[in-house]
Amino acid sequence: MKEPFNPFVINTYQGKDYFCDRENDLDMLISHIENDRNVVLYAWRRLGKSALIHRLFEELETSKGCETIYIDLLATQNIDEAIQSIASAIYEKYGRTTSGISASIQKLLASIGATINFSALSSLPEITLGINKSEQPSQSLKALGEFLLSRKKRIVIAIDEFQQISDYEGNKAEAVFRTWVQQIPEVRFIFSGSHRTLMEAMFTEKNRPFYQSSQLESLQPIALEAYTNFIIQHFQTAKKTIEPDSIERIYSWSRGQTYTVQLVCNHLFANYKKVSNSDVDVVFDQILKQQQAVFANFQKMLTRAQWNVFRAIAKEEPLQNPLSKNFIQKHNLGAASTVSTALKALEKLELVIKDEGNYLVHEVQLARWMASL
Ligand SMILES: Nc1ncnc2c1ncn2[C@@H]1O[C@H](COP(=O)(O)OP(=O)(O)OP(=O)(O)O)[C@@H](O)[C@H]1O
Ligand SMILES: [Mg+2]
């Protein structure tokens, strides 16, 4: 891995040195793996689920003798594309040998009707699934599973954005995947997703295939104290300074959301040697300005009533009772039934969330922008 220019990374996992804390979460996940339990890792957006999986995988590969496979289903629309993603991940992991493509992987891919194509543009291999076998997703999964079982080491698979499968046509993807997981009991699974409500529903509703099949772990924000130490240490290493007081303001403005804390610190680190509270305010403003075009789109996406309720929640958060007379009158929201309908729609889209009894605008930067309107 290349060293980043800025120690506050905002894209991906860049190694332990740039990863703050999460030691307890890491221990918890390792303990599940070491005791043969599958895990569901869920959280509100951008708290660091995917990065934590990469951090965990580094640990499992280097000191626990496991082989790890990371699969992201975000861009998949149907079960064939999901299988394609899984096949690609397996190919990435095991396909390349010093003398070319591994024979067993070639055989495996052929058996599921997949072919490897080399893209002329990137020269990266791309796996495409042949149409002949695509009506047989469970057969393909079975073949992939058998290959995994033939490996000597313990295999851990993370399927990120797993809620995606509940969107596939035909409604049977959950059952097909559940069967697959049961066919390969020696393989450990981590299911993760950025849509918390959908993830919870998949694993807690009685009539769903994945009901009670895994340990549910909800990821919380990194504690302020741990984050403070991490931030100060990176500033100090570069002979820069930031006060705990400023960090506390960043943390609360970001509601402890990892991505936003990282983004603010990334800008502060880039632009200042000795960070003052007014520098922090400048960066808050800059970040919201940069995002303005994106934020303005939300207004176009929503009905007028939804937008008004949405903005009012941003101004009042944390809000306990969105149907109270006080709240409705103060923001001119009309009839309580209108507010209630708008709120339901916003919650369904996960634009508004209910966290420990309080209503919040999910995207914290959007919330800060709307509150300033
Ligand atoms: N412990 C950490 N220390 C430092 N940076 C982190 C940490 N965890 C995550 N990040 C950074 O925060 C950002 C968001 O993390 P990540 O993408 O893992 O979140 P997520 O929960 O998977 O988000 P999404 O809901 O969009 O899937 C990333 O840029 C990542 O680099
Ligand atoms: Mg993620």
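**Exercise 1. Determine how many of the eight residues of helix α15 (residues 364-371) are buried, and what covers them.**

Solution. Begin with the terms: helices (H or I, at least four residues) and strands (E, at least two) are DSSP runs, numbered from the N terminus. Buried means under 20% relative accessible area, exposed over 50%, and partly exposed in between, with a 1.4 Å probe and protein chains only. By this criterion, seven of the eight residues of α15 are buried, and the helix is mostly covered. The buried residues are Val 364, Gln 365, Leu 366, Ala 367, Arg 368, Trp 369 and Met 370. Their cover includes the helices α9, α10 (258-271), α11 (277-301) and α12 (304-316), together with strand β11.

The model is predicted: local features need pLDDT of at least 70 and side-chain atom pairs count only at pLDDT 80 or more, whereas totals for chains, interfaces and linings use all residues. Residues are numbered from 1 along each chain as its sequence is written, chains are lettered from A and ligands numbered from 1 in the order in which they are written, and side-chain values use heavy atoms, with hydrogens and water left out.

**Exercise 2. Describe how strand β11 is paired with β10.**

Solution. Two strands pair if DSSP finds at least two bridges between them. Strands β10 (residues 352-355) and β11 (residues 358-361) run antiparallel and are joined by four bridges. Within this pair, Val 352 is opposite Val 361 of β11. Two residues separate the strands, giving a hairpin, and Glu 356 in its turn has a positive phi of about 45°.

**Exercise 3. Locate Ser 246 and list its contacts beyond four places in sequence.**

Solution. Ser 246 belongs to helix α9 (residues 244-253), one of the elements covering α15. Its relative accessibility is 2%, so Ser 246 counts as buried. Contact means heavy atoms within 4.5 Å. With neighbours within four places in sequence left aside, Ser 246 is in contact with Val 275, Ser 276, Asn 277 and Val 280.

**Exercise 4. Establish which strands pair with β7, and in which sense.**

Solution. Strand β7 (residues 154-160) has six of its seven residues buried, and is therefore largely enclosed by the rest of the structure. With strand β2 (residues 66-72), β7 pairs in the parallel sense over seven bridges. Strand β8 (residues 188-193) also runs parallel to β7, joined by four bridges. Ile 159 can be followed through both pairings: Ile 159 is the bridge partner of Ile 71, and Phe 191 in β8 is the bridge partner of Ile 159.

**Exercise 5. Characterise the surroundings of Phe 177.**

Solution. Phe 177 is placed in helix α6 (residues 173-183). Because its relative accessibility is 1%, Phe 177 counts as buried. Not counting residues up to four places away in sequence, Phe 177 touches Ile 79, Ala 82, Ile 86, Phe 162, Ile 165 and Phe 210. Ile 10, at 167 residues from Phe 177 in sequence, is 32 Å away in space, C-alpha to C-alpha.

**Exercise 6. Assess whether the radius of gyration of the protein chain agrees with that of a compact globule.**

Solution. The radius is taken over C-alpha atoms, and the globule rule is 2.2 Å times the number of residues to the power 0.38. For 373 residues, a compact globule would have a radius near 21 Å; the chain has 23 Å, which agrees. The chain contains 15 helices and eleven strands, and 50% of its residues are buried. Of the contacts with a separation of 6 or more, 69% are between residues 24 or more positions apart.
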